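This report covers a charged surface patch and a set of aromatic ring pairs.

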Amino acid sequence: MTTIRGNAPTMSDFVSIARNPDISPKSVLCRAVLLGSVSSVDRRGIYVLDVLTESASWVKCGTTGHSPRDCTNDLRSQYKFKCSACGGTDHVTFFCSIKDSKADEQTDFKPSKSQKTTPKPASKPARKPKAESTNPDPQQNPKAEPANPDLQQNPKVKPANLDLQQKTKAEPANPDLQQKRLAEQLKTKGNHAFKSEDFETAIDYYTQAIKWYDRESIYHSNRAAAYIAKKRFRLALADCHRAVALQSDHPTAKVLVRLGRCHFSLGAIIPALSALRQAIVLEPGNSVALSFRKKAVELQSHIDDFEGARSRNHWRMAQSAYEKCIQIIEEEEGDVPIEWTCWGIEVEIARGNWEEASGLVESAIQEHPNCPDLTLLHALVLFLTGTFEYAARQILTTLRMDPDSRKAKQLRLRVRTFEQLKAEGNEFFGDSQWRRAIDKYNEALQIVSEKLEEGNGGHIRALLLSNRAAAYVKLNQYKEARSDIKSSLTLHPTFFKAIRCRARINLHEECYDAAIEDFKQAIEYVRTEAERRALQAELNEAERMAAIKRNKRKNHYDTLGMPKALFVILEGMLIRAAGLTRTCSVLEIKKAYKRESLKHHPDKVGLCCHSLCLIVLRIIAIKGGNEERFKLVVEAYAILSDPLERSRHDAELNKYTSYSEQDDYDWSYFTP
């Protein structure tokens with residue numbers, strides 16, 4: 001037999017080969033049947049046969065007197081072939097509509113000697129499945145198939161597979177049905193993987209099933225369950241929505257429970273409660289739905305508590321409610337909503353925890369860079385901490401994402417106005433125009449007011465108060481300066497400029513120990529090396545002055561007695577109050593110690609009264625809370641209460657003065 005190499009031959013190939021007189025047309029036809037060309041055998045086999053016989057220059061039957069077309073020797077009837085799928089003899093298995101068999105069954109194509117040739121019909125007969133064998137006598141041809149016994153007994157009885165063949169030919173295979181069958185097999189594998197807790201493999205199988213057939217809700221629902229097991233609630237939520245959409249108006253309770261759980265884990269409480277209520281209506285005894293509904297109601301109560309506390313500026317209560325909300329979501333290993341992240345930043349700003357607020361907003365922006373609310377909060381944090389340049393950049397970023405943001409526009413105006421007023425105040429301060437500088441600082445303080453939701457003004461308000469305190473010091477208004485410094489350090493405890501100003505005030509009031517401590521503390525928080533050297537020089541000067549004061553001889557009687565600048569008004573006359581003398585008794589020393597210790601104790605500040613001769617006298621400007629003075633009082637009492645130490649102290653005083661109770665104060669100042 002001649003071999004035709006390459007792809008399956010077409011009709012033009014057979015025609016060209018048939019015109020070659022050296023090739024037998026029988027070999028060409030057998031090769032065409034075996035190779036199974038769609039165009040040359042199954043659909044147009046008769047036409048190919050006609051072309052072959054027409055093109056040959058000889059007659060197949062070996063006789064003369066007729067043309068090849070009129071030859072009664074039908075070549076097709078001499079070659080027997082059979083379809084292994086349906087048993088038909090008019091086609092091969094490759095072209096059979098029933099494709100469940102693995103390979104074609106091809107028999108030996110040898111012509112039967114006893115087979116009679118039939119005349120060729122004038123027209124092409126319709127191809128019908130042949131239920132009978134071409135050779136009814138198996139004894140004459142043992143290789144032929146035996147006839148169907150049912151047809152031998154009753155010719156009207158049809159073969160068992162004839163209806164199936166006709167139905168299969170009448171109705172082509174449904175591709176959707178095959179895809180769904182394959183998807184079901186993948187779903188079954190996914191279920192086995194899910195039961196063995198191999199959720200990643202289960203997700204892969206469900207995904208493949210959805211690719212083959214995506215109109216089945218169970219595939220999406222099962223993949224959502226696998227996503228929930230892996231705590232991927234956003235992907236699970238999308239599958240639950242798809243499953244509910246495919247189930248149309250009758251979603252199952254299982255899908256609704258999974259949908260509610262996804263909403264709950266993502267912080268969407270209202271949709272979660274809605275889905276869980278529907279699931280409970282369908283299945284009132286669903287324990288999972290009831291459990292998550294209870295959790296959702298509890299979470300909703302905490303959210304309401306937070307919003308109420310925030311509206312009343314009760315930020316400590318708001319922080320407690322916020323932490324409970326976060327705790328519930330973290331127990332479920334869900335994702336915290338962006339809105340809740342903004343709540344946490346607002347709480348830290350209101351509590352004045354600037355480092356925590358800055359860290360939260362920066363990490364949140366990395367996860368959600370296109371959220372205008374986060375960038376606006378970042379700009380507010382930068383502004384309140386004194387980083388004006390970066391705050392302006394974040395405001396511009398917010399306006400690019402949300403050009404109509406009213407809050408961003410207001411914050412941009414505040415930043416510009418504040419920078420201008422602060423610069424003008426610093427300029428007046430540099431020109432020694434202290435009053436005008438204080439006025440500008442007051443205007444800037446009105447822009448950054450003591451709002452609780454903004455941390456009482458933050459670091460920039462502390463900066464303005466420190467600058468105004470420095471101006472008050474220049475004007476010798478130490479009381480106002482100390483008040484501003486106290487407020488500044490309350491807002492910003494590590495602000496070295498405010499600590500330095502307080503050290504200078506203590507140095508002016510001769511509180512050297514307090515001044516030294518403040519200078520040391522300021523050096524710890526200083527930023528530049530030049531400022532560090534300047535503070536070290538002031539610290540050295542304070543230590544030198546403190547050493548001079550400690551080496552100065554002390555009169556402990558004056559320490560426990562009334563100070564020389566203290567006067568009483570009695571009967572319209574200004575009279576100096578009497579102090580302790582060297583001849584005072586131990587009882588008088590104890591009374592003086594109690595009076596002075598209460599007056600100068602660091603934890604007790606206020607006015608005090610002094611009784612003299614059973615008459616309550618009006619005291620002029622007694623100021624308590626002086627720690628340095630309190631230490632001197634304690635030291636004086638310790639010496640004067642001990643007889644031996646008191647005698648030594650009196651001896652030291654006798655060396656330098658006769659202690660004649662002389663007074664070096666100029667009383668003429670109070671002369672009318």
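Helices here are DSSP runs of H or I with at least four residues, numbered from the N terminus. The model is a predicted one. By that numbering, Asp305 belongs to helix 13. The relative accessible area of Asp305 is 42%, so this residue is partly exposed.

Asp305 is one of the residues of a negative surface patch, together with Asp304, Glu307, Glu339, Asp373, Asp402 and Asp404. Helix 13, spanning residues 287–311, supplies the largest share of the patch, 3 residues.

Across the whole structure, a search gives 11 aromatic pairs. Two of them are set out below.

| Pair | Distance between ring centres | Angle between planes | Class |
|---|---|---|---|
| Phe306 and Tyr322 | 6.5 Å | 50 degrees | tilted |
| Phe383 and Phe418 | 5.8 Å | 85 degrees | edge-to-face |

The pair of Phe306 and Tyr322 links distant parts of the chain: Phe306 sits in helix 13 and Tyr322 in helix 14 (residues 315–331), 16 residues apart. Phe306 has 0% relative accessibility and therefore counts as buried. Tyr322, with a relative accessible area of 16%, is buried because the cut-off for that class is under 20%. Phe306 and Tyr322 also join Trp340 and Trp343 in a cluster linked by ring pairs.

In the other pair, Phe383 is found in helix 17 (residues 372–384) and Phe418 in helix 19 (residues 406–430), so the contact ties together parts 35 residues apart in sequence. Phe383 and Phe418 are both buried.

How values were computed
Residues are numbered from 1 along each chain as its sequence is written. This is a predicted model: local features need pLDDT of at least 70, side-chain atom pairs count only at pLDDT 80 or more; totals for chains, interfaces and linings use all residues. Side-chain values use heavy atoms; hydrogens and water are left out. Patches are made of residues with over 30% relative accessible area and no salt bridge: like charges are joined within 9 Å, nonpolar side chains (Val, Leu, Ile, Met, Phe, Trp, Tyr) within 5 Å. Accessible areas come from the Shrake-Rupley method with a 1.4 Å probe; for residues, only the protein chains shown count as cover. A salt bridge is a side-chain nitrogen of Lys or Arg within 4 Å of a carboxyl oxygen of Asp or Glu. Lys and Arg count as positive and Asp and Glu as negative; His and the chain ends are not counted. The place of a charge is taken as NZ of Lys, CZ of Arg, CG of Asp or CD of Glu. Helices (H or I, at least four residues) and strands (E, at least two) are DSSP runs, numbered from the N terminus. Buried means under 20% relative accessible area, exposed over 50%, partly exposed in between (1.4 Å probe, protein chains only). Rings of Phe, Tyr and Trp (its six-membered ring) pair if their centres lie within 6.5 Å; planes under 30 degrees apart count as stacked, over 60 as edge-to-face and the rest as tilted.
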